[in-house]
Structures are given as C-alpha cells and as structure tokens.
There are 2 protein chains.
Amino acid sequence: MENFKQVPKATLHRYPIYLKALRKLKSEGIERVMSRELAEYVAIESTTIRRDFSFLGNLGKQGYGYNVNDLIRVFSEQLGMNFDEKIILIGCGNLGKALLNYNQWNHVVGEIVCAFDLAPEKVTGTSVPVYSMDEFALRKPEGCRIAILCISKDIQKTVDFLVDNGIFGIVSFASEHFTVPEHIIVKQIDVVSSIQELVFEANSVSENEGVKSNA
Amino acid sequence: MENFKQVPKATLHRYPIYLKALRKLKSEGIERVMSRELAEYVAIESTTIRRDFSFLGNLGKQGYGYNVNDLIRVFSEQLGMNFDEKIILIGCGNLGKALLNYNQWNHVVGEIVCAFDLAPEKVTGTSVPVYSMDEFALRKPEGCRIAILCISKDIQKTVDFLVDNGIFGIVSFASEHFTVPEHIIVKQIDVVSSIQELVFEANSVSENEGVKSNA
DNA sequence: ATCATCTTGTGAATTTGAAAACAAGTTCAG
DNA sequence: CTGAACTTGTTTTCAAATTCACAAGATGAT
C-alpha cells in the first residue's frame, strides 16, 4: 500500500498461499518460522519466499527467522487487507447459497454483506438479506468494491451492469466467457477448467516425469 | 498425448481459456477465427496464442486463420480430453451438493459418477449415488483418477486416503492447507484466496497504473 | 492467372521469474 | 564477552516465458 516497488505478478499470486499457511501455523501456536521450514510446508523454494517477503520490507532477522504474527500483520497492512471488505454476491442458486452459508469469511477478508437475485422472494434460509437486482443502486453497500458472481445466464449484461455501478473486482463462478474494461480485475473460478488443466498436465507429464505439486 | 514437445506450464494454463472461448464462438455459429481476433477476445497477445497453438501442430492456415471446430477437436484429442473422465466428489455439504447439481459437466470433461460422505443417509436430492466413505474401495468407479474435495475437516487424512487409493488429481475447495506426494497434481479453488489476490492486485496497481484484465 | 494483402509459425531478442551463492547481521552456548 | 553456527536479504547467474520481426504460404479481387 505504501511504496510498492513493482511487486511481480507471480509474487502477488503467492501471497495468499503464504498467508494461509501462516494462519495455520499461528493456530498451532507456532510463533517463529524460518524460510526453509515454510518452504517445505508450501512447496516453494526458500529463496523465492525470502525474495517475495523482501518486497514488503525487512521482515526477518538473520539467525532467527520470521515472527509469524508480525508477518501476518505486515501482510494485512501493507497489502491493504483491512478485514472488512464489503462484498456482495450476485445469484442465489445452489452455489450462491452454499457460499453464503460458508462461515469462514470473518476476519479473513471481510464479509458478504448482502446478495442479489432476480427472484429474491424464492431464496430462503440465508443469513444475509437478498434483494432484487432492480434495487441494486439503492441497496449496494457503501464502499463495496467486490462482487462474487454465481449466475449462469446474462453474464455479460450483468458484468457490464456491475462495472457501471462502481464494482472493480469480480470473482466469477460463471462458466461462460465475458470481457471487461482494462481497469477491472477478474478472478475466474471454474471447476471444469481446473479439471481440464489437471488432465492436460497429467497427460503431458506422463511423457517426461518430474513435477512438484502441492497445496 | 502423442509427441508432446515439452509444453510450457504457462501454456498449459491457458489451454482451458482458449477452449472455453472457442466453444463460445462455436455456439455463436462462428467457424473461422484469426489469432488477432481471439487475442482481443481473451486478452492474450496474438503472438502468444499462435505459439501456444503451435505446440499442438500446424493448426492454422496462412492468410486464413483457424477453423474453430478443428481447433476444438485437436485440443480434445491431443490433450487427452476424452470427455468421459470418471470423477468422484468427496463431501456433500452445501457446496458439494451445489456442484453435484451443476448441470454443465457433460461433454466437457466427463461427469461426476458418484459422491462420498461421512453421513450419506442425510444427503438428499442428488442426481448421483452417495456412498459412505467406508465403502470407498468397493464403490470407487473403474478408471477413476480425479476427485473433487468439498470437506472442511480432516483434510490431510482424507487426502492421504485418496492418494493411497489411486487418485492422482485433486481439485480442492477445502480452505485448509495440506501436502501431497510429488506425483500428485492439485488444483486449489479458494474464494477467500481469490479475493485476497484481487485486493492485493488492486492495491498494487493503484500505485502504478496499467494492467490488462480479462476473463 | 496474377498480384496485393493477409495471417500463420518460428528463429532471435527481450523481458520476466527462479535459483544459487554469499556477505552481513543475529543468536546462543559456554 | 567471544565465537561458532544460523538465517536473512541481495547480488549474480541461470532458466522460462513473452514479444518482435519476418519468411513462407494462402486468399480473393480483378
């Protein structure tokens, strides 16, 4: 957030992985970790980890390692992770409802404040209010920047609408393809594509062995 | 599948994106596409696209472009995408059931043949049979290689169990961290991490503009 | 049939990312 | 307090991926 020295995209992609591992370590009561330990844990070279961390400042101590709590705090502050992102969800079908009932949002990135659906009266058993899409402008929470998309029709139209209404980050579970203006950030989540990639990878390594995998 | 000339990992990651876009084009009745058009559509440089395609053979014609149907067919055949992957799903909570009811599996990668749960008798309204984990060895479909993980407890134990039972590809929706042997391929799907990454990216580009985004 | 106009596929160059190597600072035992 | 043993952060080296640039082949209008 302060003086970003051009953090590489590849590094940005790994931060959530580190953060998750660090939270796990913290939950196990571990307060100190060395890059080499963490490396084994997340299957990323220790040298890569140290470099990734170095973009955020001098976080470790020679001969000691890193303090887990400090790391988590720096990640949160420096990367603008303020824990209270107001997120909205569009489309309350099976998947949408499953995400709404997912209880691990708090104190991680923020929370889903409300949801929108074409037929909100048919949606029952959710812990947050569900509004009609017609009420969007009226009901959109103050400061809301991110939307989770769980619809299967009219994707492009919906995306355009969201962008026009000030959303700049979209996490999409929609399987269909869509395009956005340059300044909008999209994260696609697609089981089918993941499985395809998995199959492609499997078939391509069967030819020449040797791939390191982890989660 | 035939003679893979070391397809780069980055390329492997883009194949599903192309495939999805191509299917969309096909559904719109478009039979011919040029790398430049496709580039604008998926926000990947045309030259990158041409190189990516070149790993699978000479698929295009100079002065003409690519035939959409041919491309889709080659992708499927060459990459071992045989449309009938027998997939299993572990954990039938909200999310698991949502995935089971997702109706766009057929003719894309294969299908979810059955599911497993600790308490299968409590799971209702699914279109595929749900078995107890105790019956795993007995019920696992012949030729099944891929499992979708939708559980929130005992992740590591479950993963170890699956690996011991011949699964080598895992698509995990579990938020918790786990490790696998080297030859196992894992695709993590995690809404929270995606949102984190999105926030990180947003905050880092606000400093220096200019990022191309798409879906 | 011919030619101007396209578009692919690929060597070469450039940019980007990862790994190795090491200097400098910290810890902890005695 | 002293020094051996560690571990970070960064410089340098190496590898991977992307982009450039262009030759070669195809098209379609005339």
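**Close-up views of two protein chains and two DNA strands**

Of the atoms of DNA strand C within 4 Å of the protein, 58% are sugar or phosphate atoms, and the rest belong to bases. This is a predicted model, in which local features need pLDDT of at least 70 and side-chain atom pairs count only at pLDDT 80 or more, while totals for chains, interfaces and linings use all residues. Residues are numbered from 1 along each chain as its sequence is written, chains are lettered from A and ligands numbered from 1 in the order in which they are written, and side-chain values use heavy atoms, with hydrogens and water left out.

**View 1. The surroundings of DNA strand C.** Here 28 residues lie around the strand, and Arg51(A), Met34(B), Ser35(B), Arg51(B) and Tyr66(B) come nearest; a residue is near if one of its heavy atoms lies within 4 Å. Look for Arg51(A), with a polar side-chain atom 2.4 Å from a base nitrogen. Phosphate oxygens are reached by polar side-chain atoms of Arg14(A), at 2.8 Å, and of Ser35(B), at 2.6 Å. Each of these is a polar contact (a pair of N or O atoms within 3.5 Å). Elements giving two or more residues to this surface are α1 (9–27) and α3 (46–54) of chain A, with α2 (35–42) and α3 (46–54) of chain B. Helices are DSSP runs of H or I with at least four residues, strands are runs of E with at least two, and both are numbered from the N terminus.

**View 2. The surroundings of DNA strand D.** Of 27 residues around this strand, Met34(A), Ser35(A), Gly63(A), Tyr66(A) and Arg14(B) come nearest. Base nitrogens lie 2.8 Å from a side-chain N or O atom of Arg50(A) and 3.5 Å from one of Thr47(B). Gln62(B) uses its backbone instead: an N or O atom there is 2.9 Å from a sugar or linking oxygen. Which element gives the largest share of this surface? It is α3(B), with four residues.

**View 3. The sheet of chain B.** Six strands form an open sheet in the order β5-β4-β3-β6-β7-β8, with parallel pairing. Two strands pair if DSSP finds at least two bridges between them. The edges are β5 (130–132) and β8 (185–188) of chain B, each with a single partner strand, so one side of each has no neighbour in the sheet. From one strand to the next, the twist averages 25°. Three bridges join β4 (110–117) to β5(B), and Phe116(B) has Tyr131(B) as its bridge partner there. Helix α7 (155–164) lies across β3 (85–90), β6 (146–149) and β7 (169–172) of chain B, at about 170° to β6(B). Such angles run from 0 to 180 degrees between N-to-C directions, with axes fitted to C-alpha atoms, for helices over the stretch in contact (heavy atoms within 4.5 Å).

**View 4. A strand pair in chain A.** Strands β3 (85–90) and β6 (146–149) of chain A pair in the parallel sense over four bridges. In β6(A), Ile146(A) is the bridge partner of Ile87(A).

**View 5. The axis between the chains.** A turn of 179° and a shift of 0.0 Å along the axis lay chain A on chain B with an RMSD of 0.2 Å. That is the relation of a two-fold axis. The copies are superposed by least squares on C-alpha atoms of residues with pLDDT of at least 70 in both. In chain A, the C-alpha nearest the axis belongs to Leu95(A), 3.2 Å away.

Definitions and conventions:
A polar contact is a pair of N or O atoms within 3.5 Å; within protein, one must be able to donate a hydrogen and the other to accept it, and residues adjacent in sequence count only if both atoms are side-chain atoms.
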